[in-house]
Amino acid sequence: MNTRSALNREATLSKLGNETFDLAIIGGGITGAGIALDAASRGMKVALVEQKDFANGTSSKSTKLIHGGLRYLKNLEIGLVREVGHERAVVHQIAPHMVIPQKMLLPFYKKGTFGPMATSIALWVYDRLAKVHDRDRRKMLSRQQTLDKEPLLKQDGLKGSGYYAEYRADDARLTIENIKSAVDHGAICLNYVSAEKFLYGANEKISGMICRDVLADETFELKATFVVNATGPWTDKLRKKDDGSAHDKLFLSKGVHIVIAKEKLPLRQAVYFDVPDGRMIFAIPHHRATYIGTTDTKYTGDIEHVKVTREDALYLLDATNNMFPGLDLKTEDIESSWAGLRPLIYKGGKSAGELSRKDEIFISKHDLITITGGKLTGYRKMAQDVVDLVARRFEHDHQKTFREVKTKDIVLNGGPFNEQLKLEDYKKTLTERLKAAGLEGHWPDYMLENYGRQSDAILEKIPYYDRNTPEEALIRGEVWFAVIHELAQTPVDFFGHRTGRLFYDLPGIETVKNVALEDFETYFDWEEEELKNAALELDRAIQSMTDFGEKDL
Ligand code: FAD
């Protein structure tokens, strides 16, 4: 049975309810998805439940950088820079179509945070710690070379820049591909299933949980030898379900991004720049748009509804207008936005910006294994650490052993690309195929970064569809792929975490949304009422991307 198909939901639910798993994972963000793949690839019988869609939480709301960790140098977290640099290389290796090199410009100004000397030294250290390849090592640029790279930069006081290596990856896509690979290795992963209560067996140890199928509003028991809580900002909520007297471990910090169309902010180059209040933010070109972020503020509001406030949006807009004067960007120019929560581990007396981005594992007296903190970049190693721990426990408590970890060598879906099967060659062929189908401009980058070689399956479908435009034909192929191969249950799942259009191409949704809705109706055999509700839900999601609240809820 294809458990990657949303149409097989009933059968997948029945497996979750009727089998006993070695490991159950709560949370379908990048942390949970990485653990599912690692554990399944070692031969464990794995279940993963996600209360909404995969990547519903922080894992679709990040800056989408696979960091070398330059920021951490400021706090002298040398070990962390070294580790994330190493992990960045691994993740690029297993998914080079998704984890894209992104050169970053760090301009320095008279009276700025960093001078030329400090920038040069920091980037030199960073290159060595993060093991940046010789050809990608930092260059120090003169004022004129800097302006040649990015002519829109503020010229007043500009002295030069550092030019260094980062990588960019769509966080939700990386999560979905880990989920898919986990399923391909035998894991049962399902969205819209929430863990409601824990079950306890001998010695009061956790033996599973009561789950709720959110779509049918029905509960069932899921049995497992070990349970991992990988719920990011929800970590403490779950820990308290297990142990009512547990103290909070997390400090939640909100981070916001805004998206501006390329015509309004035509950056040639990603820039990491100073904000007048002393912080630093990124402006990153992405296909047909540029996104800007982020903020870092303590959050105590409702974690289910994290909003971009007008104040957040204006802060980023002002900072952008300050660094790229002459554009005079206004709130009406913001096409989309997102707000996410960093699940940071609380250390008394430190502000959001000062708290470490390190991950930690906690084990409760009932054996609930919680992993939290960390970064998108470090997900694979975090997963390895948790599954190592589970494997040791299996060996000790149950005399059961599993294979060694091998996720460094598991090429994610969309590959492989290597010396023989070159990414550039595939992109060339893909560009020609898309051109023949009437799709030029940003479409080759979009398809490559989203699907890699999986684009072939989608493009093979499109000549057979009725359509008025090439975009309509493409959307029909993508809906098919998302429903049958990527567990997309709703049009919001599709336009959000499967294709990223809600984030980077909100205006483009309007022209294709009816075709997508019609295909969802057909696949799921919806009644008229169900279609109406799905259309309403999509409209609400579209509206929410630019519906700035006055304050946090
Ligand atoms: P989440 O993605 O939040 O996943 C937890 C999941 O658990 C959610 O989907 C939630 O719905 C689910 N869940 C909760 N309760 C239940 C339940 N009862 N039952 C079932 N499911 C449940 N890192 C980088 O490496 N690079 C960056 O550029 C970067 N930028 C960032 C910028 C911002 C603004 C923020 C906020 C973070 C950034 N990070 C970055 C950090 C990174 O995004 C996070 O570390 C990572 O996404 C956390 O993933 P997670 O899976 O632990 O949590």
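The following dialogue introduces a predicted model and considers its ligand, its salt bridges and one of its strands.

Trainee: Let us begin with the ligand. Which residues come nearest to the ligand?

Mentor: Please keep in mind that the model is predicted. There are 38 residues around the ligand, and those that come nearest are Glu50, Asn56, Ser59, Leu65 and Thr377.

Trainee: Which atoms of the ligand lie 2.7 Å from glutamate 50 and from leucine 65?

Mentor: For glutamate 50, a polar side-chain atom is 2.7 Å from an oxygen atom of the ligand. For leucine 65, the protein partner is a backbone N or O atom, and it lies 2.7 Å from a nitrogen atom of the ligand. Serine 59 also takes part: an N or O atom of its side chain is 2.5 Å from an oxygen atom of the ligand.

Trainee: How much of the ligand does the protein bury?

Mentor: The ligand, taken alone, exposes 1,000 Å², and the protein buries 97% of that area. Several elements give two or more residues to the surrounding shell: helix H2 (30-41) and the strands S2 (46-50), S8 (193-200), S11 (250-261) and S16 (334-345).

Trainee: How do the residues of that shell divide into nonpolar, polar and charged?

Mentor: The shell holds 21 polar residues, 12 nonpolar residues and five charged ones.

Trainee: I should now like to read the salt bridges. How many does a search of the whole structure find?

Mentor: The general idea is that side chains of opposite charge can pair when their charged atoms come close. In this structure the search finds 41 salt bridges. One of them joins arginine 9 to aspartate 213, with 2.9 Å between the closest N and O atoms. Because arginine 9 belongs to helix H1 (residues 9-18) and aspartate 213 to strand S9 (residues 206-213), the pair ties together parts that are 204 residues apart in sequence.

Trainee: Are arginine 9 and aspartate 213 buried or exposed?

Mentor: Both arginine 9 and aspartate 213 are buried. Another salt bridge offers a useful contrast in cover. Arginine 212 and aspartate 217 meet through their side chains, at 3.1 Å from N to O. Reading the cover requires the limits: under 20% relative accessible area is buried, and over 50% is exposed. Arginine 212, at 25%, therefore counts as partly exposed, and aspartate 217, at 54%, counts as exposed.

Trainee: Which parts does the salt bridge between aspartate 505 and arginine 288 tie together?

Mentor: The closest N and O atoms of this pair are 3.3 Å apart. Aspartate 505 sits in the loop between helix H16 (501-504) and helix H17 (506-524), and arginine 288 in the loop between strand S13 (280-286) and strand S14 (289-293), so the bridge links parts that are 217 residues apart in sequence. Aspartate 505 has a relative accessible area of 11% and is buried; arginine 288, at 18%, is buried too. Elsewhere, shared partners join Arg173, Glu177, Lys180 and Glu486 into one network of salt bridges.

Trainee: Finally, which strands pair with strand S4?

Mentor: Strand S4 covers residues 100-109, and eight of its 10 residues are buried. With strand S6 (residues 158-168), S4 runs antiparallel, joined by 10 bridges. Within that pairing, methionine 104 has tyrosine 164 of S6 as its bridge partner. With strand S12 (residues 270-274), S4 pairs in the parallel sense over two bridges. There, the bridge partner of leucine 105 is valine 271 of S12.

Definitions and conventions: Residues numbered from 1 in each chain as written. Predicted model: local features only at pLDDT ≥ 70, side-chain atom pairs only at ≥ 80, totals over all residues. Heavy atoms only, no water. Near = heavy atom within 4 Å. Polar contact = N/O pair within 3.5 Å; in protein donor to acceptor, adjacent residues only side chain to side chain. Areas by Shrake-Rupley, 256 points an atom, 1.4 Å probe, with all protein chains shown as cover. Helix = DSSP H or I, 4+ residues; strand = E, 2+ residues; numbered from the N terminus. Nonpolar A, V, L, I, M, F, W, Y, C, P; charged D, E, K, R; others polar. Salt bridge = Lys/Arg side-chain N within 4 Å of Asp/Glu carboxyl O. Buried < 20%, exposed > 50% of the residue type's maximum accessible area, 1.4 Å probe, protein only. Pairing = 2+ DSSP bridges.
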